[in-house]
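The report below takes up the cysteines, the charged pairs, the chain contact and two helices of the model shown here.

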Protein chains: 2
Amino acid sequence: MFEEKQQRTELDLMGEFGLIDHLTQDVKIYHPEQTLKGIGDDAAVLAYEKDKKLLVTTDILVEGVHFDLTYTPLKHLGYKACAVNISDIAAMNGTPKQLTVSIAISNRFSVEALEELYVGMKLACDRYKVDLVGGDTTSSKSGLFISITALGEAKQEDITYRNGAKEHDLICVSGDLGAAYMGLLVLEREKQVFLANPNMQPELQGNDYIIERILKPEPRTDIVQMLKDYDIKPTAMIDISDGLASEIMHICKDSNVGCCIYEDKIPIDPATSMTAETFDIQPTVAAMNGGEDYELLFTIDQKDYDKIKDLGHVSIIGHITEANLGMFLMPRNGSPVPIQAQGWDSFR
Amino acid sequence: MFEEKQQRTELDLMGEFGLIDHLTQDVKIYHPEQTLKGIGDDAAVLAYEKDKKLLVTTDILVEGVHFDLTYTPLKHLGYKACAVNISDIAAMNGTPKQLTVSIAISNRFSVEALEELYVGMKLACDRYKVDLVGGDTTSSKSGLFISITALGEAKQEDITYRNGAKEHDLICVSGDLGAAYMGLLVLEREKQVFLANPNMQPELQGNDYIIERILKPEPRTDIVQMLKDYDIKPTAMIDISDGLASEIMHICKDSNVGCCIYEDKIPIDPATSMTAETFDIQPTVAAMNGGEDYELLFTIDQKDYDKIKDLGHVSIIGHITEANLGMFLMPRNGSPVPIQAQGWDSFR
């Protein structure tokens, strides 16, 4: 569906070291006081401040499982691979600082394709001021695999785990939910149209927002900063990669609490609702189980209510209850519905 | 060639989170004062000492490219995947502390197979006192991919880069070289025999040492400790993953120096020489270009000569020269031979 670049240089022409040098030659360092040595030795050398703790997270993205190159531009893919790891650092209430990138790629890709992927990764590093400090590039027998490890930092007292939610805490979510899943459904639909008739142009107009949400998610480091500015320390926090249902269940299980979420409080963009209608899907279902929104889900003490209600981009969607009351969604009409995870599982 | 375990539990029966919990339930933490939070949240939380720098390295191992499961037991593979990353930390003159493991695996593998892989990884973590602090397990369309990131620490003044070698420095190498490559050739030969006649038992007797070298390499953290004990700070250091030739070239290029290596000083085990003979390969070629030995190659100032000659497990194989003298191997007989890298390149 996306046009390929004209030029094609075979991967094996450059050799492994030449390739890594070529791809990383213009990597910028945003934290020279911390990143003492980036790419080019056996390991990167980093200085971390003595009053901060180090945060480490890793995610692997697999072609055919996590992304479909029929409709995923490599630049967007590179951006997203970084974004989802940065999001995990944000979910700890931390600041992302460095990342390493390991790629296994089959020789059906060209050097130019890898360049595109790196353009996207460098764009994400630039946007979020993260230093690309190392990695490994190797061949694969089939497909593209991207494994990224992100490092970040936070003061010990600022770190938010999943297990700190307490009864009566307010449940908050940033941005809006369900859009990424709707974007995925539109891309999958247009792929089928394209496969049936390769001369058809995909109909993506009017779907910009939801398509951007799936192809190029933005980790909410801005929310982490706002929480700091407003002096709010969440009691628990997680990023929404697998859908609201799955994530609130993680918080409730780890915190040994229950929850009550109000359907009419879940933030959903009009574009999401409109597309959901065309697919005959309830927007709430997309928000609860769609996943890949990379918004932050967090709980705060009730005393912070006055502060949080002034903070844009955040919705209060429910509250934490005793564990034995269970986890429920309160629908607009009708009786409470038990929350069940139907989030994404790569093995199913 | 290796028998499979009898029991088989399908990966999709456990689901992604159940699987990670299952595999990591008995993970031990060796540095509780540093590893504040391991597996189980969005990121691991680590405390690093204020007078130490953080070392970060990552390596990806791909089925069919870096390993062949016909003759690689999964337990050994797990061990090796950790070992090669720990080796990179050692090559910086640092102490390994934590690692994260990302795995993409196709559903032709069972839960029991993944368990075997994890047994090997935990064994390496136990042997080298490293904390397994996080990771990601996901499905792949085909094959097994293992991406590991290792974290370690060192005092700033102890860190050895590749670029510190100076004229007249002595070139040293730990252990012996070429054995891993000979082990690989034996395993490849027996694989061909096995494929031709599956009833034949592989002839591996007498080859224990060289086979162990390729299947279960040991990173030389002991050498790092010995260097500390003897108060020797290498001027440059690298681990030998791609063969002596490729690695000394890295040091010479990064340090802007030349080198002279004496063939008769290169440490080669008798088992390596004997096997090399049966394959009609010169043992020196195996040492120079074989790779995967994971020994340490380092340079030291001449003033440390008296200390290093008492240190077991280390051979002095040559010296550093001016850059314009080039990089040469002095053979037992005949004229100097320019050193060329014919090390391993996954794209070729």
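## Cysteines without bonds

B:C82 is buried, with a relative accessible area of 0%, where buried stands for under 20% relative accessible area, exposed for over 50%, and partly exposed for what lies in between (1.4 Å probe, protein chains only). The model is a predicted one, in which local features need pLDDT of at least 70 and side-chain atom pairs count only at pLDDT 80 or more, while totals for chains, interfaces and linings use all residues. Residues are numbered from 1 along each chain as its sequence is written, chains are lettered from A and ligands numbered from 1 in the order in which they are written, and side-chain values use heavy atoms, with hydrogens and water left out.

What is the distance from the sulfur of B:C82 to the closest cysteine sulfur? It is 4.7 Å, to B:C125, which is too far for a bond, since a disulfide is a pair of cysteine sulfur atoms within 2.5 Å. B:C259 is likewise in no disulfide, the nearest cysteine sulfur being that of B:C252 at 3.8 Å. B:C259 is buried, with a relative accessible area of 2%. Over all chains the count of disulfides comes to zero.

## Charged side chains

Side chains of opposite charge can pair when their charged atoms come close. With a salt bridge taken as a side-chain nitrogen of Lys or Arg within 4 Å of a carboxyl oxygen of Asp or Glu, the count over all chains comes to 45. The table gives some of these pairs.

| Salt bridge | N to O distance |
|---|---|
| B:R8 and B:E10 | 2.8 Å |
| B:E190 and B:R189 | 3.1 Å |
| B:D222 and B:R220 | 3.0 Å |
| A:D42 and B:R162 | 3.1 Å |

In the pair of B:R8 and B:E10, B:R8 is partly exposed with a relative accessible area of 42%, and B:E10 is partly exposed at 32%. B:E190, by contrast, is buried at 6% relative accessible area, whereas its partner B:R189 counts as partly exposed at 33%. For the pair of B:D222 and B:R220, the aspartate is partly exposed at 34% and the arginine is buried at 11%. In chain A, salt bridges that share partners join A:E49, A:K52, A:K97 and A:E153 into one network.

A charged residue without such a partner is B:D59, which lies in strand β3 (residues 52-62) of chain B; helices (H or I, at least four residues) and strands (E, at least two) are DSSP runs, numbered from the N terminus. B:D59 is buried yet has no salt bridge, and the nearest side chain of opposite charge, that of B:R162, is 8.9 Å away, with Lys and Arg counted as positive, Asp and Glu as negative, and His and the chain ends not counted. Leaving aside neighbours within four places in sequence, B:D59 is in contact (heavy atoms within 4.5 Å) with residues of both chains, including A:S102, A:D136, B:V84 and B:N85.

## Where the chains meet

The contact between the chains takes 70 residues from chain A and 70 residues from chain B. The area buried between chain A and chain B is about 5400 Å², of which carbon and sulfur atoms give 58%; buried area is the accessible area (1.4 Å probe) that two parts lose on being put together, summed over both. Across this interface the rule finds four salt bridges, one of them between A:D42 and B:R162.

## Two helices of chain A

In helix α6 (residues 221-229) of chain A, the buried residues are A:I223, A:V224, A:M226 and A:L227. They cover an arc of only 165 degrees around the axis, which puts them on the same side of α6(A), the arc being that of the directions from the helix axis to the C-beta atoms. The elements that these buried residues pack against include α2 (74-90), β7 (170-174) and β11 (314-321) of chain A. Just after α6(A), A:D231 takes a positive phi of about 60 degrees.

Helix α8 (residues 270-278) of chain A has A:T272, A:T275 and A:A276 as its buried residues. Seen down the axis, the buried residues of α8(A) fall within an arc of 105 degrees, so they line one face of the helix. On the other side of α8(A), A:P270, A:M274, A:E277 and A:T278 are exposed. The cover over the buried residues of α8(A) includes α4 (179-196), α5 (208-215) and α9 (283-289) of chain A.
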